[in-house]
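Thanks for asking me to look this one over. Below are my notes, point by point, for you to follow with the model open beside them.

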Amino acid sequence: LAYFLLKNCNKDKETTTTTTENVDTLGSTTTTTTTTTERVTREVLVNDNVKLNAYADGIEEKLVAFLKKGDYKTMTEDQLKEMCFDFDNVNFEHGTANVLPESQVQLDNIAQILTAYPNVKIKIGGYTDKTGDEAVNKKISTERAEAVKKFLTDKGLAKQVVGAEGYGSEFAVQPADASEELRVTDRKVSVSVRN
């Protein structure tokens, strides 16, 4: 019995090893950092018919809780813009908008959530940190937002995905000389619910 319980307790944990390379403006690698994080997955109940396996406290769980609460129906457009839900497992090839295969699960989960809430409309936003050329940052953030939009559109959700926009570093919080660990929080793709 103890073996069975221990085996099942560890079933919902995922260990992720991330290798990050900090590259200077000349393109030479300055450092390599490897971190190991353990993320717990759990069942997220979208509705009576749809259950997802997703990271605990991840985008799926937060978005579903927000939609179930229903406040979005009476919120203004400006209020909704302030409520962003960041993808936490959608990744791209370095310097491109090519979605990596491991991102498929989370993108599929968002598609299922939208299917379960057919009246909900969303906008996709792409963001970068403050390093590099701003024109390049704007371009890559736009392409990444468009890549997520295309995925959802290809799933038949075009009427629900009302836009995709890249903001470059416009909303980045961390300074360009901050540590990689801090700057990574500014590099993201997000979803906001719209009227």
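1. Let me begin towards the C-terminal end, with one residue and its place in space. This is a predicted model. Leu 182 has a relative accessible area of 42%, so it counts as partly exposed. Its place is in helix α6, which spans residues 180-183. From Leu 182 to Asp 129 the separation in sequence is 53 residues, yet their C-alpha atoms are 9.5 Å apart.

2. Asp 129 turns up again around Asn 137. Asn 137 belongs to helix α5, and with a relative accessible area of 9% it is buried, because the cut-off for buried is under 20%. What is Asn 137 in contact with, once neighbours within four places in sequence are left aside? The partners are Thr 128, Asp 129, Thr 131 and Gly 132, together with Gly 168 and Ser 169.

3. Now for the overall layout. The protein has six helices and seven strands. Read from the N terminus, the order of elements is α-β-β-β-α-α-β-α-β-α-β-α-β. Of the 195 residues, 37% are buried. If you take contacts between residues at least 6 apart in sequence, 63% of them join residues at least 24 apart.

4. Helix α2 covers residues 59-69, and its buried residues are Ile 59, Glu 60, Leu 63, Val 64, Phe 66 and Leu 67. These buried residues span an arc of only 160 degrees around the axis, so they sit on the same side of α2. Do note that Glu 60 is among the buried residues.

5. Both flanks of α2 deserve a look at the backbone. In the loop between β3 (51-55) and α2 you will find Asp 57. Asp 57 is not a glycine, yet its phi is positive, about 65 degrees. Most residues other than glycine have a negative phi. After α2 comes Gly 70, and its phi is positive too, near 85 degrees.

6. How do α2 and α4 pack, in terms of angle and axis distance? The angle is about 10 degrees and the axes are 10 Å apart. The two helices are therefore roughly parallel. From α2, the contact draws on Ile 59, Glu 60, Leu 63, Val 64 and Leu 67; from α4, it draws on Gln 106, Asn 109, Ile 110 and Ile 113. By class, that contact comprises six nonpolar, two polar and one charged residues. The α2 residues named here also appear in the list of buried residues of that helix.

7. Helix α4 (residues 104-116) also packs with helix α5 (residues 134-157), at an angle of about 50 degrees and with the axes 10 Å apart. This pair is therefore oblique, and the crossing of α4 and α5 is right-handed. On the α4 side the contact involves Gln 104, Leu 107, Asp 108, Ile 110, Ala 111, Leu 114 and Thr 115, while α5 brings in Val 148, Phe 151, Leu 152, Lys 155 and Leu 157. Sorted by class, the α4 and α5 contact has eight nonpolar, two polar and two charged residues.

8. One last thing to look for: Ile 110 of α4 takes part in the contact with α2 and also in the contact with α5. It is a handy residue to centre on when you view the two helix pairs, the roughly parallel α2 and α4 and the oblique α4 and α5.

Conventions
Residues are numbered from 1 along each chain as its sequence is written. This is a predicted model: local features need pLDDT of at least 70, side-chain atom pairs count only at pLDDT 80 or more; totals for chains, interfaces and linings use all residues. Side-chain values use heavy atoms; hydrogens and water are left out. Axes are lines fitted to C-alpha atoms, for helices over the stretch in contact, and angles run from 0 to 180 degrees between N-to-C directions. Helices (H or I, at least four residues) and strands (E, at least two) are DSSP runs, numbered from the N terminus. Angles under 35 degrees count as roughly parallel, over 145 as roughly antiparallel, 65 to 115 as roughly perpendicular and the rest as oblique. A crossing is left-handed if the near helix is turned anticlockwise from the far one by less than a right angle, and right-handed if clockwise. Contact means heavy atoms within 4.5 Å. Ala, Val, Leu, Ile, Met, Phe, Trp, Tyr, Cys and Pro count as nonpolar, Asp, Glu, Lys and Arg as charged, and the others, Gly among them, as polar. Buried means under 20% relative accessible area, exposed over 50%, partly exposed in between (1.4 Å probe, protein chains only). The arc is that of the directions from the helix axis to the C-beta atoms.
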